[in-house]
Amino acid sequence: MGSWAAAPWRLGGCSGRGGLRGAPRRRGSSRPGAGDRAATLSDLLRSSVGDEEPGAAAAAARRERPSPREGTVLLFPGQGSQFVGMARGLLRYPGVRDMYRLAEKVLGYDLLSLCLEGPRDELDRTRHCQPAVFVASLAAVEKLNHRQPKVVESCVAAAGYSVGEFAALVFAGALGFAEALYAVKVRAEAMQKASEAVPSGMLSVVGRREANYKFACLEARKHCESLGIENPVCEISNYLFPDSRVIAGHLQALEFLQENARKYYFTRTKMLPVSGAFHTRLMEPAVEPLAEVLKSIEIQKPLVCVYSNVDGKKYMHSKHIQKLLVKQVVSPVMWEQTMHSVYERKQGTEFPYTYEVGPGKQLGAVLKKCNLKAWKQYNHVDALEDEEGAET
């Protein structure tokens, strides 16, 4: 493909100086009891990818890191950033159409048409928007690599918001594109099914410094119990930036918090346009399907630092990735903590250039709230049409 990836189905990552991972992947699983999911994935990969040769990535992956200002950070957005028309500005870049062709084989429907034409209600469904954001984000990396290859070659860290973490791990060479997309498909379908089982949602909250979010959640759960709801859920599901949280759980709990916002020192509350309490224990039915498919996928150590949503720390090895990707489904997204980890540095050290790759600029807006100095080096790689030769 002549790009950061060896092939559209073998999207790799970069080391500090741009080493690419080309190691072969398992097709399915040799583990007993891997089940139909592994067999289906195996068939998809065998028919779509063909045999692959190992690459000589180890030496390149250990090359000397660039200085902080020379290095770059890539951020991958999550569910909610999708919009009809995304990817239109990416199709002319090498390999992107091949990515969407393979995506159609893995998913069983025409993802590109859905992204370009909608309808919006279908694109916004969890089972569709998660794969859509995943592919569009990696397609945006192709655009970035075509126009500013040094940005990709000098990448030193990556992070992804929720499903964006899968894209970050593909970029970093820990997961193969097709395998990761299949895992995202299973994850998205299982999360949608779980969300349909219980009337639930997510509430974005901005609070004053006095706000005690956990206490507010406790009282909201007690309110639900008074209504006869057993084992009610109301908990923080996303830590966005200082004084901002997303609280998720039963709809009755979220309505209670909105009605009593002043009591809990909430200055602004807004229901998010999602149908489930993602990153809470209401998503437990989605855990096993994702765990099973991840067992059938070979996971390798990332070639660049990738930070986990679960604890805001770097992934250390393949088992660590497998464990935390599953745990992430029922755990809060520690995005504020992740941003602190990514940009922590000694006083006087320059901040790296940051690129948000994929639809929307939400992560840039959050970065501005978390770290204004780091945000000043922020750029966005648009998924829409742009003028030839314009800056990314």
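How many bridges pair S1 and S9, and in which sense, parallel or antiparallel? S1 and S9 are joined over four bridges, in the parallel sense. This report describes a predicted model, starting with the whole chain and then turning to its sheets and helices.

## The chain as a whole

The protein chain contains 16 helices and ten strands. It has 392 residues, and 58% of them count as buried. The chain exposes about 16800 Å², of which carbon and sulfur atoms supply 48%.

Contacts between residues at least 6 apart in sequence give a view of how the chain is folded together. In this chain, 78% of such contacts join residues at least 24 apart.

## The parallel sheet

One open sheet consists of five strands in the order S7-S2-S1-S9-S10, and the pairing is parallel. Its edge strands are S7 and S10 (378-381), each of which pairs on one side only. From one strand to the next, the twist averages 20 degrees.

Within this sheet, S2 (residues 155-160) has S1 (residues 72-76) as a parallel partner, joined to it by five bridges. S2 also pairs with S7 (residues 305-307), again in the parallel sense, over three bridges. In that second pairing, Ala-158 has Val-306 of S7 as its bridge partner.

## Strand S1 and its neighbours

S1 is largely enclosed by the rest of the structure, because five of its five residues are buried. Thr-72, Leu-74 and Phe-76 point one way from the strand, while Val-73 and Leu-75 point the other way. Residues on both sides of S1 are thus covered, since all of those named are buried. S2 is mostly covered as well, with five of its six residues buried.

Individual residues show how S1 is placed between its partners. Thr-72 stands opposite Cys-155 in S2, and Tyr-353 is the bridge partner of Thr-72 in S9. The residue after Thr-72 in the numbering, Val-73, stands opposite Ala-157 in S2.

## A helix across the sheet

Helix H14 (residues 335-343) lies across four strands, namely S1, S2, S7 and S9 (353-357). Relative to S1, H14 runs at about 165 degrees.

## The mixed sheet

A further open sheet is formed by five strands in the order S6-S3-S5-S4-S8, with mixed pairing. S6 (266-271) and S8 (333-334) are the edge strands, and each pairs on one side only.

Inside this sheet, S4 (residues 234-241) and S5 (residues 244-250) run antiparallel and are joined by six bridges. Tyr-239 stands opposite Arg-245 in S5.

## Packing of H3 against H9

Two packed helices are described by the angle between their axes and the distance between the axes. For H3 (residues 96-107) and H9 (residues 177-197), the angle is about 45 degrees and the axes are 10 Å apart. That angle makes H3 oblique to H9. The crossing of H3 past H9 is right-handed.

On the H3 side, the contact is made by Met-99, Leu-102, Ala-103, Val-106 and Leu-107. On the H9 side, Phe-177, Ala-178, Leu-181, Tyr-182 and Lys-185 take part.

How values were computed
Residues numbered from 1 in each chain as written. Predicted model: local features only at pLDDT ≥ 70, side-chain atom pairs only at ≥ 80, totals over all residues. Heavy atoms only, no water. Helix = DSSP H or I, 4+ residues; strand = E, 2+ residues; numbered from the N terminus. Buried < 20%, exposed > 50% of the residue type's maximum accessible area, 1.4 Å probe, protein only. Contact = heavy atoms within 4.5 Å. Areas by Shrake-Rupley, 256 points an atom, 1.4 Å probe, with all protein chains shown as cover. Pairing = 2+ DSSP bridges. Axes fitted to C-alpha atoms, helices over the stretch in contact; angles between N-to-C directions. Parallel < 35°, antiparallel > 145°, perpendicular 65-115°, else oblique. Left-handed = near helix turned anticlockwise from the far one by under 90°.
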